[in-house]
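Q: Could you take me on a close look at one helix of this model, and then show me how its surroundings are held together? I'd like one connected walk rather than a list.

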Amino acid sequence: MAIAIQGPAGAGKTTFAAEAVRAIEALSGKDVMVLAPSSSAVNELRSRVTPKAETIQQFMINPELQDAARGGVLRIDEASFLSARAGRWLLEFARDSGTRLVVPGDVRQHHSVERGDWLRVMEQTGAICYAAITKIFRQQIEPLRDAVRDLSQGKIEEGLDKLEKFGAICQVEDKTERLAKIAELHLAALKEGKSSLIVAPTHGECRARGAVREAMKGEGMLSRPEQTVPRLNRLNLTEAQRGDAVSYEPGYVVEFHRIVKGAAVSGRKEKRFRSGEQWTVVRRDPGGSVLVEREGVQKFLPLEHSGKFDLYRPEQIALAAGDTVRITKNFCVAGTRFRNNEFHRVAAVDAQTITFDGGSRIEAGSRFLHIDQGVAVTSYASQSRTIDQVIASAPVESFSQVNRAQFYVTMSRARQAMHLFIDSKAALREAACRPSERLSSSENEIDDLLTRLQRSARAGRR
């Protein structure tokens, strides 16, 4: 019913997918539908693999897509991102509908934000058989390719040794000097017409890209005038946290992605919160309720439906022609669809409008935007991307988010050049070797049983 395809970062899994889809349809006579965890990945799959590509989330809620897939083959791109819940749903769908699953992925890369490492558990328990792609093609320089091969196999110390021998690791303790060197390398690549991306473990470290932007201004790579536009920073709270009034502060923004019933307490008597609406938090009451407002209408937020909305902190972002922005959530403006994790270059900006290369536009004055700067990103946002040059910034203060998966994903994005800037090589080795796997409930039970048996054995020896 299901088969996994293992492959390290840069092994050409997407190229392989195009050939595999054609072969499966030609030899079996069955249609292949491809699912991916993000809209940006779906766009790439539609252009390179098959027009029959959709997001996993859309497939799980769309009966028409499910009917179209019955009895055929489902290929799940980046299957390591599948949570335990989604993985189980897909297995049950395949069983009940007579559909085959093909799940390529790399369990050493990032896993789902939602709980459960489904693909890793399936492979390790033998519940799913797998084939393997082993050769790495992305890195065009042999020493870098050898280092990434070690990282892909969990040999972090060996990979670090090879990166250090190649000169890819640079220890600079002074933050200002470190950021200046990062900016210099980034601008040099852009001037040569190469793609360059700065990757950092945390969003806070990504915000330090201000030094890069100032350097771009000095080189005339950003045009005037510069405008400040509103953006939303998702707080990434769990559903339980969003259901607790303590998580809300006045000025926070609630955006709905499902229709929810709600009674107005002032102004017009609205009966529903509609999908896509943004409501601003007015206050948090001692009794545990949250009052929100939109266009003069106030309502109490239905905290019991916290799975149907997200919570954001409003911020401001400065933009000028020449800037790169990253889309942080799917949305549609004037018939143009912007997809999560897409990157766009700003062609022009004024107080009302952001115009991108290609002519697409976003009206900046009507609502908070789901955009962020695109110069520096976290390793999660970089996964599945291929870049000429990657510059990683990982000071000790950000090591809470550094582990084997984060380090492997970061260092495996580049074709031609890797630069890792740190302030402590010794601390980096310790952080990069930390495991990133999360135990499932059954694994926790086994781990607890082994612990109790070990304690009993020690007590018996005493």
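A: Happily! Let's fix the vocabulary before we start: a residue is buried under 20% relative accessible area, exposed over 50%, and partly exposed in between (1.4 Å probe, protein chains only). Helices (H or I, at least four residues) and strands (E, at least two) are DSSP runs, numbered from the N terminus. This is a predicted model, in which local features need pLDDT of at least 70 and side-chain atom pairs count only at pLDDT 80 or more, while totals for chains, interfaces and linings use all residues. Residues are numbered from 1 along each chain as its sequence is written, and side-chain values use heavy atoms, with hydrogens and water left out.

Our part is helix 9, residues 175-191. With 1.5 Å a residue, its 17 residues should span 24 Å (the expected span being 1.5 Å times one less than the number of residues), and the end C-alpha atoms are indeed 24 Å apart. Arg178, Leu179, Ile182, Ala183, His186, Leu187 and Ala189 are the buried residues of helix 9. They cover an arc of only 160° around the axis, so they sit on the same side of helix 9; the arc is taken from the directions from the helix axis to the C-beta atoms. The general rule behind such patterns is that an α-helix has 3.6 residues a turn, so residues three or four places apart point the same way. On the other side of helix 9, Thr176, Glu184 and Lys191 are exposed.

The two ends deserve a look as well. At the start of helix 9, aspartate 174 brings a side-chain oxygen to within 3.3 Å of the backbone nitrogen of threonine 176. After helix 9 comes glycine 193, with a positive phi near 80°.

Stepping outward, the largest nonpolar core (buried Ala, Val, Leu, Ile, Met, Phe, Trp, Tyr and Cys residues joined through side-chain atoms within 4.5 Å) has 31 residues, and those touching the most other members include Leu163, Phe407 and Met411. Among the elements that give two or more residues to this core are helix 8 (156-166), strand 8 (196-200) and helix 14 (404-411). Leaving aside neighbours within four places in sequence, methionine 411 is in contact (heavy atoms within 4.5 Å) with Val148, Leu151, Leu163, Ala392, Met418 and Leu420.

Finally, a salt bridge, meaning a side-chain nitrogen of Lys or Arg within 4 Å of a carboxyl oxygen of Asp or Glu, links arginine 213 with glutamate 226, the closest N and O atoms being 2.7 Å apart. Arginine 213 lies in helix 11 (residues 210-218) and glutamate 226 in the loop between helix 11 and strand 9 (227-234), so the pair ties together parts 13 residues apart in sequence.

Methods:
A polar contact is a pair of N or O atoms within 3.5 Å; within protein, one must be able to donate a hydrogen and the other to accept it, and residues adjacent in sequence count only if both atoms are side-chain atoms.
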